[in-house]
Amino acid sequence: DKGLEVTIKVDDGERYKVGSVELIGELLPEVDKARSRLNLKPGEIFRTSKLREDINVVTDVYGDQGYAFVNVNPETDVDRDARTVDVKYRISKGPEVYIDKIDISGNTKTRDKVIRREIELGEQERFSGSKLRRSQERLRRLGYFEDVNITTRKAEREDRLDLLVDVKEGSPGQFS
């Protein structure tokens with residue numbers, strides 16, 4: 001009548017520390033930027049959340065250099081006696097990608113040129129993930145749109161992407 005009590009027994013197991021952290025595979029000169037920003041450091045406690053963050057860091061660094069399809073695979077080597085985990089991030093950079101076309105949709109009142117001037121990427125320019133994020137932030141800060149979505153689509157060639165900018169017009173000049 002009073003309910004049900006559920007007890008779940010959790011065994012965390014032994015704590016493991018990070019042994020070594022390496023970047024291997026197709027490395028760019030900018031890989032030192034990625035190395036300095038990695039969250040897993042030798043001697044610290046190993047956490048899979050930091051491993052995922054490191055994959056995002058490496059992906060962002062390569063994305064800013066035009067490699068939109070970079071693949072980062074973590075390889076772990078566990079030493080049960082020493083309780084350490086050695087981590088190697090194997091990087092496959094893929095082709096260098098350029099923006100082919102920028103398609104804008106959803107704007108009924110705002111002109112295309114207003115939207116294009118806020119987009120930091122240009123047609124036939126090398127892809128950059130951080131420029132893409134900043135462009136979306138800039139469009140949102142204008143205050144003209146209720147919603148802004150910027151996505152990519154593969155173009156006709158393997159090394160090209162189309163940028164799809166979809167906006168939903170807001171109600172500028174009205175108080176609520």
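What share of the 176 residues in the protein is buried? Buried residues make up 34% of them, where buried means under 20% relative accessible area with a 1.4 Å probe, protein chains only. The model is predicted, with local features needing pLDDT of at least 70 and side-chain atom pairs counting only at pLDDT 80 or more, while totals for chains, interfaces and linings use all residues. Residues are numbered from 1 along each chain as its sequence is written, and side-chain values use heavy atoms, leaving out hydrogens and water.

The protein holds four helices and six strands, taken as DSSP runs (helices H or I of at least four residues, strands E of at least two) numbered from the N terminus.

The largest nonpolar core (buried Ala, Val, Leu, Ile, Met, Phe, Trp, Tyr and Cys residues joined through side-chain atoms within 4.5 Å) has 21 residues, and Leu23, Leu40, Val58, Tyr62, Val87 and Tyr89 are those with the most contacts inside it. The elements giving two or more residues to this core are tabulated here.

| Element | Residues |
|---|---|
| strand 1 | 17-25 |
| helix 1 | 31-37 |
| helix 2 | 48-64 |
| strand 3 | 84-92 |

Helix 2 gives the most to this core, with five residues. A second, separate core of 17 residues includes Ile99, Ile150, Leu163 and Val165.

Thr110 lies in the loop between strand 4 (98-105) and helix 3 (112-118), and Thr110 counts as buried because its relative accessibility is 13%. Leaving aside neighbours within four places in sequence, Thr110 is in contact (heavy atoms within 4.5 Å) with Ile115, Tyr144, Phe145 and Glu169.

Conventions. Buried < 20%, exposed > 50% of the residue type's maximum accessible area, 1.4 Å probe, protein only.
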